[in-house]
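Colleague: Hi, I have a few minutes before my next run. Could you walk me through this structure?

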Number of protein chains: 2
Amino acid sequence: MSYDSRPIGVFDSGIGGLTVVQHLMRVLPHEHIIYFGDTARVPYGSRSTDVVERYAVEDASFLLAKDVKAIVVACNTVSAVGLGAVRAAFDIPLLGVIEPGARAAARATRSNRIGVIGTVATIASCSYTTAIHAINPSIEVIGIACPLFVPLAEEGWTGHPATRLVAEEYLSTLRSSAIDTLVLGCTHYPLLHDLIQDVVGSDVRIINSGEETAYETTAFLTQRGLLVQGSPQPSYRFFVSDSPEKFRLLGERFLGMPLSEVVKVDITTDAGH
Amino acid sequence: MSYDSRPIGVFDSGIGGLTVVQHLMRVLPHEHIIYFGDTARVPYGSRSTDVVERYAVEDASFLLAKDVKAIVVACNTVSAVGLGAVRAAFDIPLLGVIEPGARAAARATRSNRIGVIGTVATIASCSYTTAIHAINPSIEVIGIACPLFVPLAEEGWTGHPATRLVAEEYLSTLRSSAIDTLVLGCTHYPLLHDLIQDVVGSDVRIINSGEETAYETTAFLTQRGLLVQGSPQPSYRFFVSDSPEKFRLLGERFLGMPLSEVVKVDITTDAGH
């Protein structure tokens, strides 16, 4: 059996990808992880495809220069519209969050009616719909963009009455569509999990794409003989393109634990060097 | 008397600066205007000073390459934390929005209690407080960051109950502080004018920094002999770093009229070339 003790690289448009790292740490407790959050250019979800592609290639290039063994694209927007560009640019095992989320949702639904919420770019791409239809074309997928959820989550208003009003407005279509499964198609949304569950009703099964991606990463590394050898104490390194202080402060809420070292880099000049 | 028929350059982190352009067009109806909105890297208001400075210098460099006669920094965040960097980099007449807004507020107040609302970066910089205190140190200035106002304005929820709840929470300190003047220290906030007026009460005088900047730009160009000669039909050109379509669509609401030609440029490679 072969092993690979190099770190797993994870990148995201900003801080949200830490909700994916949280699950990676839990299911792969001995793997080293290098995270890059492009906080100087966040958010990606409201940008056009070619800008997201360009940023994604630069982000991946940065991680490659750190000698990672695989890259997990924690960002739903990049996974939805930028994965092809990264795949075309580099020869590295690459895992996005769309397909794991889509597979889990297709497994979970009984009524064959799935809701997907995400950024404008993710929903407009219809990536979840395409991925779900590749598994079962008879499943109806209703996608709703929820652009205010990210700033509300970052503001920490996860249980605020204003957030509830916003959620009720965004999710009203889903409530009347009789879905039985809802995909959280944005890394920030797990912070609003309880409020979203409350608004859509307790009979709707919520799928966290980030968590599903952690499971699929485990399977992927195992099958390819890329797991770390032995049971080392893992190292976690975090890089950002804007202030490390703000990232560390906010990040604790996304990661569910305090952050270790956070280093600022200039992605437009440091990428790949 | 001398004249200068070159265009006025205006830049902003994104689309909000169009509320400043709207007033420039009104008070200087014959001036040519070139606008740059850095929509591929918006928002600036949550970023750290050195990132904002770097972006601001690139934005100004782009306008300089278009041979503008003066630059109006429509973005409050750049005016608050990045004006010095732009001034140090280039020899060009430069007008920010902070000082005009501060002067108008200091003139307007009777109770010597002024509220200022803006982005996290603008409020943390205390730029409005510093500018107001330079005029009258006995004025009390209460600054409140309102980070959710920008996404709510961009979502078009200018009269939504959720927006009212958000405004009530953000502005509660101001309501109990007996201010008589409130500065809208962010280019997006004029879109929420009526709701903000309603929440703070009709006895509070609202100052729009962008509008005040248009008046000061008129005075500045007149004094320096930099007005356009004659009464030509003005030309308006708009450049953005992300999708022109989205900018044109959203922009009409910010400019108060349809937008003409919008051109996409790559600011990180085209700046200054």
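Modeller: Happy to; we can go through the sheet, a kinked helix, the contact between the chains and two serines. Keep in mind that this is a predicted model.

Colleague: Great. In what order do the strands of the open sheet in chain B come?

Modeller: The order is 4-3-1-2-9-10, six strands in chain B with parallel pairing. Strand 4 (94–95) and strand 10 (262–264) of chain B are the edges, each pairing on one side only.

Colleague: How many bridges does strand 1 of chain B make to strand 2 of chain B, and how many to strand 3 of chain B?

Modeller: Five bridges tie strand 1 to strand 2 in chain B, and four tie strand 1 (residues 8–12) to strand 3 (residues 70–73) of chain B. Both of these pairs run parallel.

Colleague: Can you give me some actual residue partners to click on?

Modeller: Sure. B:Val10 stands opposite B:Tyr35 in strand 2 of chain B. On strand 3 of chain B, B:Val73 is the bridge partner of B:Phe11.

Colleague: Why is strand 1 of chain B described as largely enclosed?

Modeller: Because five of its five residues are buried, strand 1 of chain B is largely enclosed by the rest of the structure. In a regular strand the side chains alternate between the two faces of the sheet. In strand 1 of chain B, one side has B:Ile8, B:Val10 and B:Asp12, the other has B:Gly9 and B:Phe11, and all of them are buried.

Colleague: And which strands does helix 1 of chain B lie across?

Modeller: Helix 1 (residues 18–27) of chain B lies across strand 1, strand 2 (33–37), strand 3 and strand 9 (236–240) of chain B. Helix 1 runs at about 170 degrees to strand 2 of chain B.

Colleague: Switching to chain A: where is the kink in helix 9 of chain A centred?

Modeller: On A:Glu169, with a kink of about 35 degrees; helix 9 of chain A covers residues 161–175.

Colleague: Which residues of that helix 9 of chain A are buried, and what covers them?

Modeller: The buried ones are A:Ala162, A:Thr163, A:Val166, A:Ala167, A:Tyr170, A:Leu171 and A:Leu174. Their cover includes strand 5 (113–118), helix 8 (149–154) and helix 10 (193–200) of chain A, along with helix 9 (161–175) of chain B.

Colleague: Since chain B has come up there, how much area do chain A and chain B bury between them?

Modeller: About 2400 Å², with 54% of it on carbon and sulfur atoms. A:Arg47, A:Leu148 and A:Trp157 supply 19% of the area that chain A buries against chain B, more than any other three residues. In terms of contacts, 32 residues of chain A touch 32 residues of chain B.

Colleague: How many salt bridges are there between chain A and chain B?

Modeller: Four. One to look at joins A:Asp50 and B:Lys264, where the closest N and O atoms are 2.5 Å apart.

Colleague: Last topic, the serines. Is B:Ser79 buried or exposed?

Modeller: B:Ser79 is buried, because its relative accessible area is 8% and the cut-off for buried is under 20%. B:Ser79 sits in helix 3 (residues 76–81) of chain B. Beyond its neighbours within four places in sequence, B:Ser79 contacts B:Val73, B:Gly96, B:Val97 and B:Ile98.

Colleague: And B:Ser209: buried or exposed?

Modeller: Buried, at 1% relative accessibility. B:Ser209 belongs to helix 11 (residues 209–223) of chain B. Outside its neighbours within four places in sequence, the contacts of B:Ser209 include B:Asn76, B:Val97, B:Tyr128 and B:Leu184.

Colleague: Thanks, that gives me plenty to look at!

Terms used: Residues numbered from 1 in each chain as written. Chains lettered and ligands numbered in written order. Predicted model: local features only at pLDDT ≥ 70, side-chain atom pairs only at ≥ 80, totals over all residues. Heavy atoms only, no water. Pairing = 2+ DSSP bridges. Contact = heavy atoms within 4.5 Å. Axes fitted to C-alpha atoms, helices over the stretch in contact; angles between N-to-C directions. Bend = angle between axes of the 7 residues up to and from the residue. Buried < 20%, exposed > 50% of the residue type's maximum accessible area, 1.4 Å probe, protein only. Buried area = accessible area lost by both parts, 1.4 Å probe. Salt bridge = Lys/Arg side-chain N within 4 Å of Asp/Glu carboxyl O.
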